[in-house]
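Work through the exercises below with the model open beside you. Try each task before reading its solution.

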Amino acid sequence: MILPIVGYGHPVLRKVAQPISKDYPELKQLVANMYETMYAADGVGLAAPQVDLSIRVVVIGFRPYDEKTDTYGEVTEQHTLINPEILEFRGEKKFFNEGCLSVPDIHEDVLRPESVVVRYYDEDWNEHTDEATGLYARVVQHEVDHLDGKVFTDRLSNLRRTMLKRRLNDIAAGRVRTKYRMKK
Ligand code: NI
């Protein structure tokens with residue numbers, strides 16, 4: 001089931017999300033819905049607060065995109081992160097152009113470390129520790145920020161944020177058009 005996505009300005013995006021326990025009801029269904037929602041919106045990551053649930057659950061998935069046909073291939077890599085913890089940041093800080101399904105039409109270069117070590121549980125409660133690099137490391141950091149009440153625009157310079165202020169206010173007021181459903 002595709003869930004509506006909350007936009008910039010919604011208070012749930014500013015809360016620190018709570019860890020969940022093994023008895024969290026219907027976790028697998030929630031995770032399946034989050035993947036469906038993310039892929040339907042052409043996203044590569046989605047955190048539970050973005051579907052108005054203040055819990056520490058993240059889905060990440062990558063598919064090759066074919067520009068000629070404007071279609072996506074099969075999923076090549078997918079990670080469900082329950083209660084993720086970034087244990088270590090590694091490597092140099094790099095700029096990378098980020099966007100967010102909760103912040104439609106805004107894409108900005110964000111400076112973050114190029115690798116992280118992240119520990120999490122999957123939806124079967126198996127524990128994993130990954131050394132994430134490349135796009136995976138980038139998305140992990142962006143999504144864990146969501147769990148801590150942060151949005152990627154918080155990490156921009158004051159100047160950039162000032163320049164984006166009106167567009168962010170428009171999103172907060174619901175004055176934005178998206179291909180996917182947003183929560184009022
Ligand atoms: Ni995001």
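The exercises cover a metal site, two pockets, two cores and a few single residues.

This is a predicted model, so local features need pLDDT of at least 70, side-chain atom pairs count only at pLDDT 80 or more, and totals for chains, interfaces and linings use all residues. Residues are numbered from 1 along each chain as its sequence is written, and side-chain values use heavy atoms, with hydrogens and water left out.

**Exercise 1. The nickel site**

Task: Find which residues coordinate the nickel ion, and place them on the chain.

Solution:
- Step 1. List the donors, meaning N, O and S atoms within 2.8 Å of the metal (3.2 Å for Na, K and Ca). They are Cys100 (SG), His142 (NE2) and His146 (NE2), at 2.1 to 2.2 Å.
- Step 2. Keep a caveat in mind. Water is not among the atoms, so sites may look incomplete.
- Step 3. Read the spacing along the chain. The nickel donors follow C-x41-H-x3-H.
- Step 4. Place the histidines. His142 and His146 sit in helix α2, four residues apart, about one turn of the helix. Helices here are DSSP runs (H or I, at least four residues) and strands are too (E, at least two), numbered from the N terminus.
- Step 5. Check burial: buried means under 20% relative accessible area, exposed over 50%, partly exposed in between (1.4 Å probe, protein chains only). Both His142 and His146 are buried.

**Exercise 2. Two pockets**

Task: Describe the lining of the largest pocket, then that of the second largest pocket.

Solution:
- Step 1. Fix the term. A pocket is an open set of points on a 1 Å grid over the protein atoms alone, where a 1.4 Å probe fits, with protein on both sides within 12 Å along at least five of seven lines; lining residues have an atom within 4 Å of a point.
- Step 2. Take the volumes, each being the space filled by probe spheres set on the points, which are joined across faces, edges and corners. The largest pocket holds about 560 Å³. The second largest holds about 330 Å³.
- Step 3. Go to the centre of the largest pocket. Of its 25 lining residues, Asp42, Gly99, Cys100, Leu101 and His107 lie nearest the centre.
- Step 4. Name the elements. β5 (77–100), β6 (103–121) and α2 (134–147) each supply at least two residues of this lining. Helix α2 gives the most, with six.
- Step 5. Sort by class: Ala, Val, Leu, Ile, Met, Phe, Trp, Tyr, Cys and Pro are nonpolar, Asp, Glu, Lys and Arg charged, and the others, Gly among them, polar. The largest pocket's lining has nine nonpolar, nine polar and seven charged residues.
- Step 6. Turn to the second largest pocket. It has 21 lining residues, with Phe89, Arg112, Gln141, Asp145 and Arg155 nearest its centre. Again β5, β6 and α2 each supply at least two. The classes are nine nonpolar, two polar and 10 charged.
- Step 7. Look closer at Gln141. Gln141 lies in helix α2 and is buried, at 5% relative accessible area. Contact means heavy atoms within 4.5 Å. Not counting residues up to four places away in sequence, Gln141 touches Ile86, Phe89, Arg112, Pro113 and Val116.

**Exercise 3. The cores**

Task: Which residues of the largest nonpolar core touch the most other members?

Solution:
- Step 1. Define the set. A nonpolar core joins buried Ala, Val, Leu, Ile, Met, Phe, Trp, Tyr and Cys residues through side-chain atoms within 4.5 Å.
- Step 2. Pick the hubs. In this core of 22 residues they are Met34, Leu46 and Val57.
- Step 3. Trace the sources. α1 (27–40) and β2 (57–62) each supply at least two residues of this core, and α1 gives the most, with seven.
- Step 4. Find the other core. Apart from the largest one lies a core of 16 residues, including Ala17, Phe62, Tyr136 and Ala137.
- Step 5. Inspect Ile60 in strand β2. Ile60 is buried, with 0% relative accessible area. Ile60 and Leu46 are 14 residues apart in sequence and 6.5 Å apart in space, C-alpha to C-alpha.

**Exercise 4. Positive phi**

Task: Is Asn83 buried or exposed, and where does Asp70 lie?

Solution:
- Step 1. Recall the background. Most residues other than glycine have a negative phi.
- Step 2. Take Asn83. Its phi is positive, near 50°. Asn83 lies in strand β5 and is buried, at 16% relative accessible area.
- Step 3. Take Asp70. Its phi is positive too, about 55°. Asp70 is in the loop between β3 (65–66) and β4 (71–72), and is exposed, at 54%.
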